[in-house]
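Please open the model in your viewer and keep the sequence panel beside it, with a selection tool ready. The tour moves from one selection to the next and says what is to be found at each stop.

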Amino acid sequence: MNAVLGRMNGPLLGAFFVVGASTLWGTTGTVATFAPSVSPLAIGAVAMGVGGLLQALYAVQPIASHWASLRGRWLLVSLGAAAVAVYPLAFYSSMHLSGVALGTVVSIGSAPLASAVIERLAERKELTRRWMLGALIGVAGAGLLCFAGDSAERPGAVAEAWAVPAGVLLGLVAGVTYALYSWAAHRLISGGVSSRAAMGAVFGLGGVLLMPVLAVTGRPLLESWGNFTVGAYMALVPMFAGYVLFGWGLARVRASTATGLSLMETVVAAVLAVVVVGERLPALGWLGVAMVLASLFVLAPRQAGSQSGDRSGQACASARTEARSTVGQ
């Protein structure tokens, strides 16, 4: 296994980590439907809140080792943590109002554009032609999924006329906050903080911020084993394990590339919504799925250090070297 990983370049390995994380995240909307009596706020709070605290526990030693750097960048850590706290509340509320497929597509589909804007404004980074092509294909595919989802049957979604527009608006909030905490974590890692320490600090503090929401809304999670199992799965698998993978990915690719690759989540969510939840996805939606998958091949780095690939490879070389050592920890 180590020999295989050794032959893969850092950015490409990072892309695999992000796609793996996105695959896990794509299961969350469908799994949440198995606990219909639990509010989306409670689902979001237990998923990201408990998952974030687990991230912090997993990274206690790295956080202690990088404490001076984290404290010196407290504003960046706080910004990322605030985004972590807002994201799940907006994301799961979006899916509750507009359906699993549509809510996921809007939330995740808007993240690459938000990430690109953040990088451009905050760091003056230029976007490569390949990234723009991949993002265009991916967002267009996500858009087709969005329109298809809007016309699809949405079991369990709120029926009122205002529900879909409100869900789309909350999805956009989720997309911006997802891009924001991804950027904040990437900035910390680029500055020499290990991926475990950066993710543990940002998500741990975000988890603390979500605890009051969980205390107010989380009682239904304890009313049945089914609800409890859903909450446990959300915290342990997509949020804890998924964000460990995502942190390794952010150590190797820039945030805009990571959010672009995470469009894979929309495909997994849409397919599971059809197969498991019973939502119907017309032919236009399946074309969107194919376009999102095609965008992954364009966005994925092809060579280590390639100028046509992810340019964060040179800027984050030292961070990637350190991050490789965390894979085995």
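Which residues of α16 are buried? Keep in mind while selecting that this is a predicted model, and then pick residues 283-299, the 17 residues of helix α16, which reach 25 Å from the first C-alpha to the last, close to the 24 Å expected at 1.5 Å a residue. Within α16 the buried residues are G285, G288, V289, V292, S295, L296, V298 and L299.

**The whole chain**

Now widen the selection to the entire protein, colouring it by secondary structure: there are 18 helices and zero strands. Of its 329 residues, 57% count as buried. The protein exposes about 13,400 Å², and carbon and sulfur atoms supply 69% of that area. If you display contacts between residues with a separation of 6 or more, 90% of them are accounted for by residues 24 or more positions apart, and several of the stops below show pairs that are distant in sequence.

**Helix α9 and the salt bridge**

Select residues 111-123 next, which form helix α9; its 13 residues reach 17 Å between the first and last C-alpha atoms, close to the 18 Å expected at 1.5 Å a residue. The buried residues here are A111, P112, A114, S115, A116, I118, E119 and E123. V117 also lies in this helix, but it counts as partly exposed, because its relative accessibility is 47%, a value that falls between the 20% and 50% cut-offs. Draw a distance from the C-alpha of V117 to that of S256, and you should read 9.0 Å, although the two are 139 residues apart in sequence. Step just past the end of α9 to find R124, which takes a positive phi of about 60°.

Stay with α9 and show the side chain of E119 together with that of R254. Side chains of opposite charge can pair when their charged atoms come close. R254 forms a salt bridge with E119, the closest N and O atoms being 2.8 Å apart. The pair links distant parts of the chain, 135 residues apart, with E119 in helix α9 and R254 in the loop between α13 (225-250) and α14 (255-261). The structure holds one salt bridge, and both R254 and E119 are buried.

**Helix α13 and V50**

From the loop that holds R254, move to A232, which lies in helix α13. A232 counts as partly exposed, since its relative accessibility is 27%. Its C-alpha atom is separated by 8.8 Å from that of V50, which is 182 residues away along the chain.

**The loop at G26 and the start of α3**

Select G26, in the loop between α2 (10-25) and α3 (28-32). Is G26 buried or exposed? With a relative accessible area of 2%, G26 is buried, as the cut-off for that class is under 20%. Leaving aside neighbours within four places in sequence, G26 is in contact with E265, V268, A269 and L272. Its C-alpha is also 9.8 Å from that of A273, a residue 247 places away in sequence.

Move on to T28, which lies in helix α3. T28 counts as buried, because its relative accessibility is 1%. A polar atom of the T28 side chain lies 2.8 Å from the backbone oxygen of W25. Not counting residues up to four places away in sequence, T28 touches F91, Y92, M234, P238 and M239.

**A nonpolar patch on the surface**

Switch to a surface display and select F34, V275 and V276, which together make a nonpolar surface patch of about 310 Å². V276 has its place in helix α15 (residues 264-277). V276 counts as partly exposed, because its relative accessibility is 43%.

**Helix α11**

For the last stop, select residues 163-190, which make up helix α11. The end C-alpha atoms of its 28 residues are 40 Å apart, which agrees with the 40 Å that the helix should span at 1.5 Å a residue. Just after α11, look for G192, which takes a positive phi of about 105°.

Note on methods. Residues numbered from 1 in each chain as written. Predicted model: local features only at pLDDT ≥ 70, side-chain atom pairs only at ≥ 80, totals over all residues. Heavy atoms only, no water. Helix = DSSP H or I, 4+ residues; strand = E, 2+ residues; numbered from the N terminus. Expected span 1.5 Å × (residues − 1). Buried < 20%, exposed > 50% of the residue type's maximum accessible area, 1.4 Å probe, protein only. Patch = residues over 30% accessible without salt bridge, like charges linked within 9 Å, V, L, I, M, F, W, Y side chains within 5 Å. Areas by Shrake-Rupley, 256 points an atom, 1.4 Å probe, with all protein chains shown as cover. Salt bridge = Lys/Arg side-chain N within 4 Å of Asp/Glu carboxyl O. Contact = heavy atoms within 4.5 Å. Polar contact = N/O pair within 3.5 Å; in protein donor to acceptor, adjacent residues only side chain to side chain.
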